[in-house]
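Q: I am new to this structure and would like a close look at a single part of it. Please take me through how its two domains meet, and describe the elements around that place.

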Amino acid sequence: MTPGDTILKVNDLTKRFGGLVAVNGLSFDVQEHEVMGIIGPNGSGKSTTMNLISGALKATSGSIVLEGHDLTPLPPHKIARFGVARTFQLVRILPQLTVIENVVAGAAFAHKPRWGAEAESFAAALLDRLELGDKKDLGIGSLTYIDQKRLELARALAAEPEILLLDEWLAGLNPSELQIGIELIANLRREGRTIILVEHVMDAIRSLCDRCIVMNSGVKIAEGTPADVLSDPDVIRAYLGDD
Amino acid sequence: MTSAETGKLALGAVCVLAAASAPFFSDGYWLSIATTAMMYIALSTSWALFSGPTHLIALSTGAFFGIGGYLVGSGMSDYDQGFWTMALIAPLVATVLALLIGLATLRLKGVYFVIFTLGLSEMIRNLVSWVQNNFLGSRGLYVLTDFTEAHIYWMLLTVAAVVFFSGWWVNRSRLGFALRIIGNDEEVARHVGINTAWSKVILFMTTGFFAALVGAIVAPRYSYIEPNVVFSPQLSFLVVIMALLGGVHRLWGPLLGVIPFTLIWEAITISFPASTTLFLGLTFLLIVYLIPNGFVGAFETVTGRIRK
């Protein structure tokens with residue numbers, strides 16, 4: 001789907017932890033129906049950026065605006081109610097809830113809240129789509145790693161987010177699971193969802209992202225299509241060093 | 001409402017009616033034990049409404065209970081108020097206090113929350129004693145009513161029934177679901193759109209309300225009220241232990257802990273009045289080591305194995 005209007009505007013975003021500047025004057029836009037990648041070496045501030053958007057961390061300065069709503073000062077639950085949903089770098093599912101309850105958790109308090117029978121059938125449909133339908137009444141102890149990842153994604157999708165944040169959602173999958181995972185996100189892209197993904201898997205970046213920004217030491221060093229940024233000399237230097 | 005839920009409500013109603021007939025079959029000693037048990041059923045069950053799903057162990061029951069008893073005593077002795085007026089005011093005062101405590105403890109987790117609630121209860125106890133001794137005349141307060149033990153028993157039964165009904169209602173509401181999510185992973189809870197602070201405070205206020213209401217109703221039983229006695233820290237621990245013994249992840253769990261514990265506790269206080277605290281500590285250790293999820297948890301593990 002072709003990208004539409006700008007939905008998220010990040011402007012001059014800065015996050016300091018004491019003396020360390022994790023994100024430094026970062027600005028970018030995200031258009032509707034676009035999949036935007038944030039890449040960069042370890043410690044470059046990618047996950048911090050995701051945490052700032054979702055509200056897990058408070059920005060030191062700068063602003064994050066979603067569809068005209070200033071998210072910068074808001075706590076995570078208010079940001080979620082404006083339509084931001086996320087997965088976590090280390091998969092976080094709710095251990096004492098069943099599979100379907102985990103998905104209902106994503107739907108019940110979001111910006112288009114669903115509850116009761118409606119939430120159940122909505123969650124069941126989502127689980128079917130993510131091939132977890134037959135496990136919906138199980139506890140989460142019986143899930144494999146990729147199923148846990150799927151479940152976390154289902155919970156985020158249950159919110160019907162305006163923008164979906166995937167923080168290294170493909171990390172830790174084995175090669176065959178990785179193909180399944182990439183295909184899954186490709187489907188979301190075809191549906192026209194707006195996604196920001198932080199990823200280390202270059203195949204995924206190339207095949208999934210409409211556009212990427214590259215970060216290094218908290219600063220944006222390149223922006224453009226995956227092919228362009230990955231051949232940018234500054235980006236190659238950031239990943240491989242000077243020699 | 002599904003037929004299973006209607007069935008549960010009907011079963012609940014039958015249990016309440018059966019319990020209500022108890023004073024006609026026994027009076028004196030056994031009614032007194034039943035009244036004590038009913039008091040702990042109301043306290044432990046309402047305690048578990050908050051502490052069960054959130055895993056935040058609150059040791060403040062004694063403080064709220066004390067506020068209930070003390071306000072009834074103070075109002076009736078010193079200000080010529082009727083019992084019913086004070087029994088209405090006391091829970092409201094406790095609810096406001098629970099709101100303030102809740103707002104102050106929002107960021108506390110785990111053991112810090114436990115210590116804070118314990119310390120706060122002690123502070124309230126000492127503060128009330130100090131005010132009473134220095135400004136209001138250092139005497140106890142008399143709560144003289146026409147209530148018999150059976151009247152108190154029925155009032156407590158009514159409160160317990162209301163607690164159960166509220167628990168049932170909360171468990172099927174979004175608020176109850178939010179509390180379970182918070183207990184699982186507070187970070188996730190925030191990110192799916194739950195106002196974790198308010199969800200916790202609302203439930204904490206509910207437990208404060210019920211504890212003070214129970215304290216107010218029980219006050220006529222003591223006749224003579226002294227702040228140091230009615231703000232009992234031991235009560236806070238007893239409520240926690242009974243709830244944990246039964247199991248806090250089911251609404252009816254604490255009930256299963258209260259009944260045997262009240263009987264054993266009665267026997268212990270008669271036979272070894274000097275070593276009750278020792279027994280309390282031992283019970284707590286045994287529960288934590290042997291039945292961490294209470295009777296309900298042990299029962300469900302066994303039935304789960306049989307089913308497999």
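A: What follows looks at the two domains, then at the sheet, and last at a pair of helices.

This is a predicted model, in which local features need pLDDT of at least 70 and side-chain atom pairs count only at pLDDT 80 or more, while totals for chains, interfaces and linings use all residues. Residues are numbered from 1 along each chain as its sequence is written, and chains are lettered from A, with ligands numbered from 1, in the order in which they are written.

Chain A is divided into domain 1 (1-78 + 163-171 + 194-243) and domain 2 (84-161), with bounds that come from an automatic or database domain assignment. Twelve residues of domain 1 of chain A are in contact with ten residues of domain 2 of chain A, contact being counted when C-beta atoms, placed from the backbone, lie within 7 Å. On the domain 1 side of chain A that touches domain 2, the largest share, five residues, comes from E7(A).

Strand E7 (residues 163-167) of chain A pairs with E6(A) in the parallel sense over three bridges, where strands are DSSP runs (E, at least two residues) numbered from the N terminus and pairing requires at least two DSSP bridges. Within this pair, Arg86(A) stands opposite Leu165(A) in E7(A). Both strands belong to an open, mixed sheet of six strands in chain A, in the order E6-E7-E8-E3-E9-E10, and its edge strands are E6 (84-86) and E10 (219-224) of chain A.

Finally, helix H3 (residues 99-108) and helix H5 (residues 145-158) of chain A have axes that come within 6 Å and cross at roughly 35°, the axes being lines fitted to C-alpha atoms over the stretch in contact, with angles from 0 to 180 degrees between N-to-C directions; helices here are DSSP runs (H or I) of at least four residues.

Methods. Two residues are in contact if their C-beta atoms, placed from the backbone, lie within 7 Å.
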